[in-house]
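Trainee: Could we go through this protein together, one question at a time?
Mentor: Happy to, so let us have a look at it.

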Amino acid sequence: MSTRLVPPTTALSEPYWEAAKNGQLLFQECAACGNTSFPPRSICAACNADALEWKESTGKGTVYTYTIARRAPHPVFAQQCPMVIAVIDLEEGFRMMSNVVNCDPAAVSVGMPVQVSFETIDDSDMVLPVFSAQ
């Protein structure tokens, strides 16, 4: 059994997932107004323009909020608990939900600097962005 659920890939999200396989974290930026967007969408949430372009993030951010799951929300996560589920503020101005890994869950705090890394789901070619303390 997998240790992760495989997220669905759509035509809209495919560039994001392909970049993750190459160790890149992408987000969208509107060429019309400069607004940053995540998750992927077809029009800008700020100005409704269809001028969203893919940009590469530095992957540096801070923990905006988090929770520690001590009981698995789904059976595939049983071996990962306790796990930190966090919302990360990225340098480029967007937020994303992910996991904070490779540290004691009790050491995670709001405002903690983190850096993206990537984990391959063990029984697929899907790669997920996760974050570690800087």
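Our questions and answers on this structure follow.

Trainee: Before we start, what kind of model is this, and how are residues numbered?
Mentor: This is a predicted model, in which local features need pLDDT of at least 70, side-chain atom pairs count only at pLDDT 80 or more, and totals for chains, interfaces and linings use all residues. Side-chain values use heavy atoms, leaving out hydrogens and water, and residues are numbered from 1 along each chain as its sequence is written.

Trainee: Thanks! Which pattern of helices and strands does the protein follow along the sequence?
Mentor: Helices (H or I, at least four residues) and strands (E, at least two) are DSSP runs, numbered from the N terminus. The protein has one helix and eight strands. Read along the sequence, the pattern is α-β-β-β-β-β-β-β-β.

Trainee: What is the radius of gyration, and how does that value sit beside the one for a compact globule?
Mentor: The radius is taken over C-alpha atoms, and the globule rule is 2.2 Å times the number of residues to the power 0.38. For 134 residues the rule puts a compact globule near 14 Å, and the protein's value agrees with that: 15 Å.

Trainee: What percentage of the residues count as buried?
Mentor: Buried means under 20% relative accessible area, exposed means over 50%, and partly exposed lies in between (1.4 Å probe, protein chains only). Of the 134 residues, the buried share is 37%.

Trainee: Which strand supplies the largest share of the largest nonpolar core?
Mentor: A nonpolar core is a set of buried Ala, Val, Leu, Ile, Met, Phe, Trp, Tyr and Cys residues joined through side-chain atoms within 4.5 Å. The largest one here has 23 residues, and V63, I88, M96, V100 and F131 have the most contacts inside it. At least two core residues come from each of α1 (14-21), β1, β5, β6, β7 (113-120) and β8 (127-133). The largest share, four residues, comes from β5.

Trainee: Why might nonpolar side chains gather like that?
Mentor: In soluble globular proteins, such side chains tend to be buried together.

Trainee: Which residues does V100 touch, apart from those up to four places away in sequence?
Mentor: Contact means heavy atoms within 4.5 Å. V100 is among the residues with the most contacts inside the core. With sequence neighbours up to four places away left out, its partners are V63, V84, A86, I88, V108, M112 and F131.

Trainee: S98 has a polar side chain, so is S98 buried or exposed, and which backbone oxygen lies 2.7 Å from a polar atom of that side chain?
Mentor: S98 sits in strand β6 (residues 95-100). Its relative accessible area is 7%, so S98 counts as buried. A polar contact is a pair of N or O atoms within 3.5 Å; within protein, one must be able to donate a hydrogen and the other to accept it, and residues adjacent in sequence count only if both atoms are side-chain atoms. The backbone oxygen at 2.7 Å from the S98 side chain belongs to P129.

Trainee: And Q28, which backbone nitrogen does its side chain reach?
Mentor: Q28 lies in strand β1. With 4% relative accessibility, Q28 is buried. Its side chain reaches, at 2.8 Å, the backbone nitrogen of R41.

Trainee: Which residues does K55 meet in salt bridges?
Mentor: A salt bridge is a side-chain nitrogen of Lys or Arg within 4 Å of a carboxyl oxygen of Asp or Glu. K55 meets E29 with an N to O distance of 4.0 Å; that pair links distant parts of the chain, 26 residues apart, from strand β3 (residues 52-56) to strand β1 (residues 26-30). K55 is partly exposed, with a relative accessible area of 31%. Its salt-bridge partners are E29 and, at 3.9 Å, E53.

Trainee: How far apart are the closest N and O atoms in the salt bridge between D89 and R95?
Mentor: Both ends are partly exposed, D89 at 23% relative accessibility and R95 at 41%. The closest N and O atoms of this pair are separated by 2.4 Å.

Trainee: Last one: where is C81 found?
Mentor: Leaving aside neighbours within four places in sequence, C81 is in contact with A69, R70, R71 and A72. C81 is found in the loop between β4 (60-69) and β5 (83-90).
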